Amino acid sequence: MTYTPADVDALLPLPPVSFHILVALADGDRHGYAIIQDVEVRTDGELRLGAGTLYRSIHRMLEQGLIAESSRRPARAVDDERRRYYRLTPFGTAVARAETRRLTQLVRLARARGLMPETT
Amino acid sequence: MRLYRALLHLYPSSFRNEYGDELTRLFQQRIADEGCAAAWLGEIADVVPNAIAVHGDILRQDMRYTLRSMRRTPGFVITAMLVVALGVGANTAAFTVADFVLIRPLPFPRSDRLVKIWERTPGYARMEVSPPNYRDWKALTTSYSGMGAYTTNAANLVGGDVPRRLATALVTFDLMPLLGVNALLGRTITPGDSLGNPVAVLSYAVWQSQFGGDPSVIGRVIRLDGTPRVLIGVMPPTFNFPTRDTDVWVPLGLGAPLLADRTNNLLEVLGRLRPGVSFAQAASEAQMVNAQLAQKYPKELENTGISVLHLRDELSSKSRLLLLALCGAALCILLLACANLANLLLARAIARQRELSVRSALGAGRERIVRQLVTESVVLALLGGGAGVLVAKLAIPALTELVPEGLPIAEQPTLDGRILLFAALVIGATGIAFGLLPAMRAGGAKAFAGLRSGVREGGGRRQRARAVLVAVEVAASVVLLISSGLLVRTMWRLQAVDPGFRADGVLKLRTALPYQKYAPTLRRADFYSRVLARVRALPGVTSAAYTSFAPMTMGGGVWPVGTIGQPVIRDNANTASLRFVTPRYFETIGIPIRRGRDVEDADDTTRTFVAVVSESFAQRYWPNEDAIGKRFGFAFHQRTVVGIVGNVRFRGIERQSEPQVYLPTKQVEDSSLVFYAPNDLVVRARVTPASLAPAIRQIVRAVDPEQPVSDVELMTGVVAAQTSSRMAQLRVLGILALVALLLAGVGLHGLLAFTVSARSQEIGVRLALGAQSRTIARMILREGLVLTLAGVIPGVAIAYAGGRAMQSLLVGVKPGDAATIGAAVAICILAAIVGCLRPALRASRVDPIAALKSE
């Protein structure tokens, strides 16, 4: 699938849930439950995605071409055949990168104005 | 788990099919992680908002797709929209007016409890009531919580820059409380008022126009016909009792002279049923009371009955039929619109078969395709419905001619939301039903058939459905054409009816002389002669005269006729219209004097009382004899016939009129028969009659500065007004019929054009095998005509039934009128041929080589 920088920009800013899903898929293909677990762990339990929220996002991201259903399967022993695995597409990677850049810039701007996160 | 599966049904099925298993598995996991109760609570909070969001996502997507596909086919969209708009608009307008006039409660609290009570005499189901009868009914009945009476009149309002004529309702003290409507300002007339202290209540319109809506008018004194009256109230604009043109309400006192005469039919009586008393009970009680009174007054009440009617039913059966016919026509249009829309959608579905096959092959489930098609249909219905509201808004004012004047309701109905909704639902259901047909096929096993190139589009079954629809359209348009044709014929007939006078070139003005001021006969005569002398001197005036009521401006004014030595028999076979006239009235209005002489200035109370009678009068009483010189009793005197004139339809074109008697204006005692005092000035002119009005107003003003001039009309207008509600109905029906014809023609054309393109290969083969192109054209033409005939035959049958139902609207025209039916069928077939022509020509020009090559 070919895409242009304009296609990438059109999707920004990304909804937080979508971004989390992209991040969760960044280091490998995962199925739904694994995504939920990954997000929960990374946010120290602050964000637990509901099943509906997850699959609604997945559905939309599939249509947008950010992710795709993965045909590669992990080793047979750990594979549950009925589960669906998802992977990042090159377009998804590009969008995730663009979103990261956008957020980083925002944070940089905020810090420059003296807005530092509270340390607890 | 099954419960959770059920919960998942909140999602669209496409989503559920795709992710249902995963969601279920996640739920199991969650129960393991969090425990059963927490998992359930969390899941419900998760499913509901997400399900809504998913539906929203799909809707947005479908809308985008819909708009895109609509942009691609603007012709289809516009046609479909117009069809829907027309169907919704015509129906909303017609049913809004019908509902307003026929069904909706009248604007009074508990208006279903209000009844009118009438005397019934031979020939008149609703005869005004004499004051003593009213008094006795009121005393003897127990069914009513209140009963009141009123009569209408007109009074001159003096005091502004020009004197004005006000339509006045004289009401008994208990009438307004009975209606239960409060005054907008001040109060209404109540039993607390007395005749010694004259009061008046203004209508909203007069308050606005004559007093500038000034709230301080309450308590002010106005002069009505010379009597000073204190203004005590202003009614709200929605108060239209007894009719919507009422300007002012004043108390009506029933004094001893009025209560003495049991044959002076003067009052209209209104009653409110006591709670718990049924209409039938009240009606049977009325019969008993009447029998009681008839025993007491056998002479006066001979042949007199009593009838109780709902106030709502004060509507002529003609106005009712006019409206019902309109509704029938609107239903025809709705049917046509639905058939046409169905046809359009089917044609489009056939054209889109391949597109849908592709989508289905690409994995779109049936549910998604159905949703898509429903979205499209709903969008179309909404667009068309919106345009339909506009059509209805524009059409309703054009229909107000059909709102009868005799009802206490406003002139113009407001757009009715419920009816709009109904029409929109019918159209919407059609749209959805026929929008879905293609989806039913798209999901089936044949889904991939559409993908094969060269497949011939269009299945036989759907073609048949379209053919039936076209036949239905033809039938509907035939019905409309024949009905409007019958009404046109009736109209022609009515317009050809001889009213008995020559209306063209005659101007009519009313100078209603106040009773008290002009009670002496000679004072009136003086007024007439001074006005007439000056009017006759105006350049361009041929002649001028005064009469009680110009023809067709007043339906009543009928008196019993007595022959010498016999008691007066009250019977409609024995009554004649009474009109006072000045000399030269017959010449002015154009009634031919057959024999004898006109009334003369010298005919006053010192001479023999004379009368000029109509031919029908002479014929009735002295058949085969010379009526001149004969004597008869009429209006308190013996009269001698001195002249015979032509018959006049004074009651109007569509009604039978009694024979007429004309009396000289001076042969009446002072204060007698004041109701018949000549008030209508008729002027025949060589110049445009309307141009004389200002000069005549000035003359009247010079003779009596306090005398207003009202009801300035051309007599041609008076005659035309006789048929104006028919005209309005006819215009609407005619337009609907034309539209129907157009729609049917378009439908036929569309179907045949499609047939030709679908069969181009077959036609190509035929041509290649040596068929003449003429034969091919004839084949297509024949197909169209067969369809047309299939519609025409049931159409004629339905139209005949419809014609019988509206028989009473068809004066002198039979519902099976061969000429009308023939013309309608001919027009329809002609339109069909026009519709077939292009497809037939195209069929004959099919290039066999090209057609076969595409295989």
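**Helix packing and nonpolar cores in a two-chain model**

In chain A, helix α4 is followed by Gly65(A), a residue whose phi is positive, near 80 degrees. The structure described here is a predicted model, and the account begins with this helix before turning to the contact between the chains and to the interior of chain B.

Helix α4 of chain A covers residues 51-64. Its 14 residues, at 1.5 Å a residue, should span 20 Å, and the end C-alpha atoms are indeed 20 Å apart, so the expected and computed lengths agree. The buried residues of this helix are Ala51(A), Gly52(A), Leu54(A), Tyr55(A), Arg56(A), Ser57(A), Ile58(A) and Met61(A). They are covered by elements of both chains: from chain A, the cover includes α2 (16-26), α3 (32-42), β2 (67-69) and β3 (85-88), while from chain B it includes α2 (13-34) and α3 (36-72).

Chain A as a whole contains five helices and three strands. Along the sequence these elements are arranged in the pattern α-α-β-α-α-β-β-α. Of the 120 residues in chain A, 27% are buried. Among contacts in this chain with a separation of 6 or more, 62% are between residues 24 or more positions apart.

The contact between the chains involves twelve residues from chain A and 16 residues from chain B. On the side of chain B that touches chain A, α2 and α3 each supply at least two residues. That side is made up of nine nonpolar, three polar and four charged residues.

One helix pair that joins the chains is α4(A) with α2(B). The two helices pack at an angle of about 140 degrees, and their axes are 10 Å apart. Their crossing is right-handed. From α4(A), the residues that make the contact are Ala51(A), Tyr55(A) and His59(A); from α2(B), they are Phe15(B), Tyr19(B), Glu22(B), Leu23(B), Leu26(B) and Phe27(B). By class, this contact has seven nonpolar residues, one polar and one charged. Ala51(A) and Tyr55(A) thus appear twice in the description, as buried residues of α4(A) and as residues in contact with α2(B).

Chain B has 23 helices and 22 strands. Its 855 residues include 41% that count as buried. When contacts between residues at least 6 apart in sequence are considered, 83% of those in chain B join residues at least 24 apart.

Helix α3(B), which forms part of the cover over α4(A), also packs within its own chain against helix α11 (residues 366-398). The axes of α3(B) and α11(B) come within 9 Å and cross at roughly 65 degrees, and the crossing is right-handed. The contact is made by Ile58(B), Leu59(B), Asp62(B), Met63(B), Tyr65(B) and Thr66(B) on α3(B), and by Arg371(B), Gln372(B), Thr375(B), Glu376(B) and Val379(B) on α11(B). These residues divide into five nonpolar, three polar and three charged.

In soluble globular proteins, nonpolar side chains tend to be buried together. The largest nonpolar core of the model has 98 residues. Those with the most contacts inside it are Val84(B), Val97(B), Ile333(B), Leu341(B), Val478(B) and Ala740(B). Helix α10 (residues 317-361) of chain B contributes the largest share of this core, 20 residues. A second, separate core of 63 residues includes Leu507(B), Val541(B), Ile699(B) and Met715(B). Within the largest core, Val97(B) is one of the residues with the most contacts. Leaving aside residues up to four places away in sequence, Val97(B) touches Leu323(B), Ile396(B), Leu399(B), Leu402(B), Val403(B) and Pro413(B).

Two further residues of chain B illustrate buried and exposed positions. Phe527(B) lies in helix α14 (residues 521-537) and is buried, because 20 other C-beta atoms are within 10 Å. Beyond residues up to four places away in sequence, Phe527(B) touches Leu513(B), Tyr518(B), Val703(B) and Asp704(B). Phe527(B) and Leu513(B) are 14 residues apart in sequence, with their C-alpha atoms 9.5 Å apart in space. Ala801(B), by contrast, is placed in helix α21 (residues 773-805) and counts as exposed, because it has 11 C-beta neighbours inside 10 Å. Ala801(B) is 14 residues from Pro815(B) in sequence, and the C-alpha atoms of the two are 8.0 Å apart.

Key: Residues numbered from 1 in each chain as written. Chains lettered and ligands numbered in written order. Predicted model: local features only at pLDDT ≥ 70, side-chain atom pairs only at ≥ 80, totals over all residues. Helix = DSSP H or I, 4+ residues; strand = E, 2+ residues; numbered from the N terminus. Expected span 1.5 Å × (residues − 1). Buried ≥ 20, exposed ≤ 12 C-beta atoms within 10 Å, placed from the backbone. Contact = placed C-beta atoms within 7 Å. Core = buried A, V, L, I, M, F, W, Y, C linked by C-beta atoms within 7 Å. Nonpolar A, V, L, I, M, F, W, Y, C, P; charged D, E, K, R; others polar. Axes fitted to C-alpha atoms, helices over the stretch in contact; angles between N-to-C directions. Left-handed = near helix turned anticlockwise from the far one by under 90°.
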